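Please open the model in your viewer and keep the selection panel at hand. The tour below proceeds from one selection to the next.

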Amino acid sequence: MPISRRLLLAGGAGIALTGCGSNTGRGGEEGPGRPRLSHWYHQYGEPGTRQAVGRYAAAYKDAAVRIEWRPGNYDQQTAAALLTDSGPDVFEVAGPTIEQIQAGQVTDLTGLLKDVKGEFDPVILAPRTYRDRVWGIPQLVDTQLLYYRRSMLDAAGVRPPQSLDELVDAARRLTRKDVKGFFLGNSGGAGALGGTPLYAAGLSLVTPGGEVGFDDPAAARTLGKLRRFHTDGSLLLGAPTDWFNPAAFTQGLAAMQWCGLWALPQVQKALGDDFGVLPFPPDGPAGRPSVPVGAWAAAVSSRSAHREAAEAYVKWLWVERTDFQEDFAQSYGLHIPARASLTARAGRLKSGAAAEAVRFTKEHGYAQPLLWTAASQTAYLDALTRIIREGADPGGELKAVVRKASAELHRVRSRG
Amino acid sequence: MPAAPRRLPAARQRHRALWFWAFVGPFAAGLALFTYVPLAWSVYLSFFDAHNTVSPTEFVRLDNYATLLADASFRSSLVTFAVFSAFIVPATYALSLGLALAVNRLRAGRAFFRSVFFLPTACSYVVAATVWKLSVFNGVRFGLANTVLGWFGAEPVAWLASTDPPWYWLVIITVRLWLQAGFYMVLFLAGLQRIPPRLYEAAALDGARPGWQTFRHITFPALRSTSVAVVLLLIINAFQAFDEFYNLLSDQRGYPPYARPPLVHLYYLALGQGQDLGLGSAGAVLLALIIAVVTVVQARWSGLGRRED
């Protein structure tokens with residue numbers, strides 16, 4: 001609703017009110033039978049992504065799709081917008097979360113995947129599946145990895161670490177006056193690692209049965225070892241960029257860094273062949289390498305005025321248009337496509353470190369379980385931070401987390 | 001001037017009432033709609049299980065309050081606030097009073113220095129926090145603070161990441177001092193300029209030495225009402241601390257378990273991915289109650305608004 005000068009003069013009282021509710025980009029019809037949809041994306045760092053999604057939307061004929069590109073705290077923005085009628089019709093989401101599903105904020109998209117469900121990697125489909133229904137269509141897969149600088153390891157006589165003990169040891173031996181051994185993020189590790197060390201110990205955050213997956217002495221043993229990065233002084237802290245940006249690694253501030261597959265092109269450009277990638281190394285007798293995978297997925301808001309049109313559009317873009325999906329995953333930064341057939345075709349993933357990363361993801365990938373709520377995650381990360389940085393007793397800290405997480409699991413299991 | 005008010009004709013009085021509402025109405029409506037309704041709604045939500053909804057149906061009585069008071073991290077956030085205000089309130093008070101006294105004594109360039117010290121107030125907390133985090137106190141060898149340390153041969157310090165000793169407090173306190181000292185300096189300057197010169201003349205005649213004695217017995221007592229207002233504002237501001245904490249310490253995955261003031265804690269509780277709006281509202285109500293109690297107690301104790309004669 002445009003605000004005319006007369007309206008402004010006539011209703012001084014009204015400006016704030018009318019201004020707020022106007023131009024939400026939805027609810028209207030454009031032309032006969034062509035609904036208007038608003039589609040939200042978070043801000044991708046790679047240049048060209050925004051233009052690309054605009055191009056995809058423009059190619060859709062059955063609805064006028066308006067792209068909203070949202071920088072900043074995307075999760076908070078969508079969460080707040082989903083409570084109102086002025087939110088998106090279609091939105092990109094790292095979840096959807098169990099709370100969003102249980103509160104009925106997103107629609108059931110199972111039907112859209114009818115013939116192609118088997119193509120999607122079960123690791124990323126599982127956290128979007130609740131009671132056998134799928135609530136988000138994965139758009140691409142993001143993987144996190146350990147990058148190491150070959151020349152620095154050779155100079156220090158260190159081999160690429162194959163176990164957590166070797167990693168701790170390597171970080172210590174690689175630390176020099178101006179180069180730290182390992183960059184695990186400016187907060188010192190908890191945020192970047194999350195549940196990864198638990199999976200490396202052969203445990204999990206939530207068991208398939210919906211119980212806490214790390215109520216085990218092995219958890220405390222593994223997490224306790226992370227403390228040594230700090231006591232050895234081998235971590236880079238307070239870098240200008242955080243762990244998801246490869247700058248600290250490419251500028252030589254650290255010999256190893258925990259980062260994502262998305263950074264691989266940048267690292268390759270800066271260092272050529274002088275680097276390698278590894279999964280998070282295993283620890284303990286039941287341990288196995290661990291590779292966290294995440295995915296952005298497309299979801300449809302239940303409050304959309306055009307639900308069917310929105311679902312049809314999602315099906316068109318994220319199920320049918322494989323050419324766009326391939327372009328999206330491969331042309332702007334490096335990601336693994338969400339579908340096996342596209343991964344097999346992707347030339348950039350066929351050789352070198354990228355191929356290694358794809359193999360690690362396939363063999364060792366784990367995704368944060370759907371039932372692992374934000375409250376559980378906060379309790380866990382708080383404990384992990386205290387263990388790593390303040391030397392708190394891992395056993396005691398974990399006991400409190402198990403209690404909190406059990407209560408959360410009980411809460412979400414007992415709801416609708 | 002006739003002192004007795006004239007009675008206005010009825011039509012004119014109606015006219016006045018109309019104009020009164022024309023001017024006050026929009027703001028009253030805005031205040032009600034954007035302040036009082038959300039406030040009341042928040043109190044309402046605090047009695048419900050409101051995950052991802054603002055129109056909850058599951059009434060849980062006082063459960064949210066009980067959960068919050070039993071939550072060690074909420075209690076520790078109150079401790080964080082107490083520690084923070086124990087540092088920031090006296091520090092800002094002393095610094096801004098000192099600046100005001102110094103600027104007030106200047107014979108030349110007073111306006112210049114007043115502007116210079118006041119200028120940081122115009123800077124946003126977010127911008128200042130970002131500058132502090134990325135260039136002044138970053139943890140690598142080319143950060144400003146570490147460069148200075150480097151001249152003396154010291155190792156770089158990870159200012160925001162070291163918990164032993166807790167250097168992050170230095171970063172948090174200095175950014176806020178820099179931002180707000182100038183504002184309170186202006187308040188003190190106004191207070192200083194209201195002290196009648198005859199008080200100083202009388203004191204000088206009675207043999208009071210300039211300097212500490214005059215300050216202690218004339219200036220400081222004469223600034224009492226300004227001081228009370230400044231301390232009150234400082235405490236409320238400390239309670240509302242969010243911007244610099246959030247921008248200095250949070251990362252993409254969350255916030256470390258230390259230096260987490262109440263508003264930051266509630267932000268993650270209610271507005272993060274958890275969206276537990278009932279619990280968050282209960283926290284907001286508790287905080288509002290605490291601020292109200294503290295303010296009333298402080299006002300009583302210091303005699304805020306009492307007439308000075």
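Begin with strands S6 (residues 137-148) and S10 (residues 291-300) of chain A: they run antiparallel and are joined by 6 bridges. This is a predicted model. Within this pair, select A:Val141, whose bridge partner in S10(A) is A:Ala295.

Keep S6(A) selected and add strand S8 (residues 254-260) of chain A; the two pair in the antiparallel sense over 5 bridges. Here A:Tyr148 has A:Met256 as its bridge partner in S8(A). Next, add strand S9 (residues 276-278) of chain A, which is antiparallel to S6(A) and joined to it by 3 bridges. A:Tyr148 also stands opposite A:Gly276 in S9(A). Finally, select strand S11 (residues 336-337) of chain A, which forms 2 bridges with S6(A), again antiparallel. In S11(A), A:Pro337 stands opposite A:Leu140.

How many of the 12 residues of S6(A) are buried? The count is 12 of the 12, so the strand is largely enclosed by the rest of the structure.

Now select two cysteines. A:Cys259 is buried, because its relative accessibility is 1% and the cut-off is under 20%. B:Cys123, with a relative accessible area of 23%, is partly exposed. Over all chains, the search finds 0 disulfides.

The last stop is a cavity. There is 1 cavity of 30 Å³ or more, and the largest cavity has a volume of about 60 Å³. Select its lining residues, among them A:Asp75, A:Thr78, B:Gln273 and B:Gln275. Helix H4 (residues 74-81) of chain A gives the most to this lining, with 3 residues. By class, the lining has 2 nonpolar, 5 polar and 1 charged residues.

Technical notes
Residues are numbered from 1 along each chain as its sequence is written. Chains are lettered from A and ligands numbered from 1 in the order in which they are written. This is a predicted model: local features need pLDDT of at least 70, side-chain atom pairs count only at pLDDT 80 or more; totals for chains, interfaces and linings use all residues. Side-chain values use heavy atoms; hydrogens and water are left out. A disulfide is a pair of cysteine sulfur atoms within 2.5 Å. Buried means under 20% relative accessible area, exposed over 50%, partly exposed in between (1.4 Å probe, protein chains only). On a 1 Å grid over the protein atoms alone, a cavity is a set of points where a 1.4 Å probe fits but cannot get out, and a pocket is an open set with protein on both sides within 12 Å along at least five of seven lines; lining residues have an atom within 4 Å of a point. Grid points are joined across faces, edges and corners, and a volume is the space filled by probe spheres set on the points. Helices (H or I, at least four residues) and strands (E, at least two) are DSSP runs, numbered from the N terminus. Ala, Val, Leu, Ile, Met, Phe, Trp, Tyr, Cys and Pro count as nonpolar, Asp, Glu, Lys and Arg as charged, and the others, Gly among them, as polar. Two strands pair if DSSP finds at least two bridges between them.
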